[in-house]
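I opened my notebook to look up a few things in this structure. Charged pairs come first, then the core, then the surface.

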Amino acid sequence: MAATSTLTQRPTTTSTMAHSTIRAESPSKAPTSEASARGAAIYSQSWLLVIYDWWVLGIVSTYAWACSVPDYTLPWFRNNVRKGHHLDIGVGTGYYLAKSDLTGVQVTLADLNQDALDATKNRLVAEGKVKAEETTCILHDITRPLPASCPKFNSMSLYYLLHCMPGPVPAKTAIFSHLKHNLTPDGVITGASILGKDVRHNLFGRVIMYFGNRGGMFDNRADNSADFDEALREHFHEVETQVRGAIFLWKASKPKV
């Protein structure tokens with residue numbers, strides 16, 4: 001999943017956030033780091049969006065990361081989607097949202113890749129999970145504060161995103177310094193990320209790690225649960241984490257603002 005770039009937002013004015021689309025410059029015209037660009041570009045390839053659920057969330061998650069999506073990451077996601085406004089950052093194919101009950105949930109999608117945003121929104125609409133006119137898409141650099149027109153969110157999700165972001169854990173988790181201000185006082189932010197350090201990778205996992213980091217899709221060789229936990233507790237009063245195989249699962253609430 002990808003959600004880092006440098007873009008200028010130009011909101012489309014409408015009566016409510018739930019009925020708006022926030023547009024931005026084309027990523028090809030906007031300045032961005034080379035590392036972020038490599039991580040995002042892969043999601044412009046339609047073939048990957050087609051096989052992503054089967055390959056990444058099925059084969060790789062189960063056999064490389066030893067963390068079954070149906071058994072662990074999907075229930076974790078479902079349990080932390082709140083009624084009201086939900087923000088999904090780094091949308092992938094929209095798998096987690098499509099597999100969740102979105103009754104009473106107004107969805108906002110944020111990503112630097114327009115193809116991923118379009119594919120996710122189209123999927124959710126086609127499966128009857130959301131209404132097109134009530135779903136907001138933001139082409140956005142998540143390392144920067146969200147547009148001022150965004151509401152306070154009751155829940156946020158960042159699944160399989162942080163390991164794609166360039167830099168060490170403190171650089172990645174700096175996003176919480178502004179995201180927490182877009183969370184309601186009783187809201188929750190949750191996610192899952194692949195760890196590179198202090199976990200035992202099997203041969204399959206080591207191969208994926210090698211090529212993922214070499215190709216620029218990952219930057220997570222030094223990512224570890226202790227650093228993530230410390231960073232989360234810097235910004236939130238309540239933090240719950242666990243490690244399943246090579247996957248770090250976390251949720252945080254009561255932002256320190």
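**Salt bridges.** I looked up the salt bridges in this predicted model. The count comes to 7. I picked some pairs to look up one by one.

**Lys172 and Asp223.** I found their side chains joined in a salt bridge, with N to O at 2.8 Å. Where do Lys172 and Asp223 lie? Lys172 is in helix α6, residues 169-172. Asp223 is in the loop between α8 and α9. The two are 51 residues apart in sequence, so the pair ties together parts that are that far apart along the chain. Next I asked whether Lys172 is buried or exposed. Lys172 has 0% relative accessibility, so I noted it as buried. Asp223 has 1% and also counts as buried.

**Arg233 and Asp229.** This salt bridge is 2.7 Å, N to O. I placed both residues in helix α9. They sit 4 residues apart, about one turn of the helix. Arg233 is partly exposed, at 38% relative accessible area. Asp229 is at 18% and counts as buried, because the cut-off for buried is under 20%.

**Glu127 and Arg123.** I read 3.2 Å, N to O, for the salt bridge between these side chains. Glu127 is partly exposed, with a relative accessible area of 43%. Arg123 has 19%, so it falls under the 20% cut-off and is buried. Which residues form a network of salt bridges with Arg123? I found Asp53 and Glu127 linked with Arg123 in one.

**Nonpolar core.** I turned to the largest nonpolar core, which has 66 residues. Which of them touch the most other members? I wrote down Trp65, Phe176, Leu179 and Ile189. I then followed Leu179 and left aside its neighbours within four places in sequence. Leu179 is in contact with Ile89, Ile142, Leu146, Met156, Leu158 and Ile189. Ile189 is thus on both of my lists: among the core residues that touch the most other members, and among the contacts of Leu179.

**Surface patch.** Last, I looked at the outside. Which residues make a nonpolar surface patch of about 420 Å²? I noted Leu203, Val207, Tyr210 and Phe211. I looked up Val207 on its own. Val207 is in helix α8, residues 203-215. Its relative accessible area is 38%, so Val207 is partly exposed. That value is over 30%, and therefore Val207 passes the accessibility cut-off for a patch.

Technical notes. Residues numbered from 1 in each chain as written. Predicted model: local features only at pLDDT ≥ 70, side-chain atom pairs only at ≥ 80, totals over all residues. Heavy atoms only, no water. Patch = residues over 30% accessible without salt bridge, like charges linked within 9 Å, V, L, I, M, F, W, Y side chains within 5 Å. Areas by Shrake-Rupley, 256 points an atom, 1.4 Å probe, with all protein chains shown as cover. Salt bridge = Lys/Arg side-chain N within 4 Å of Asp/Glu carboxyl O. Buried < 20%, exposed > 50% of the residue type's maximum accessible area, 1.4 Å probe, protein only. Core = buried A, V, L, I, M, F, W, Y, C linked by side-chain atoms within 4.5 Å. Contact = heavy atoms within 4.5 Å.
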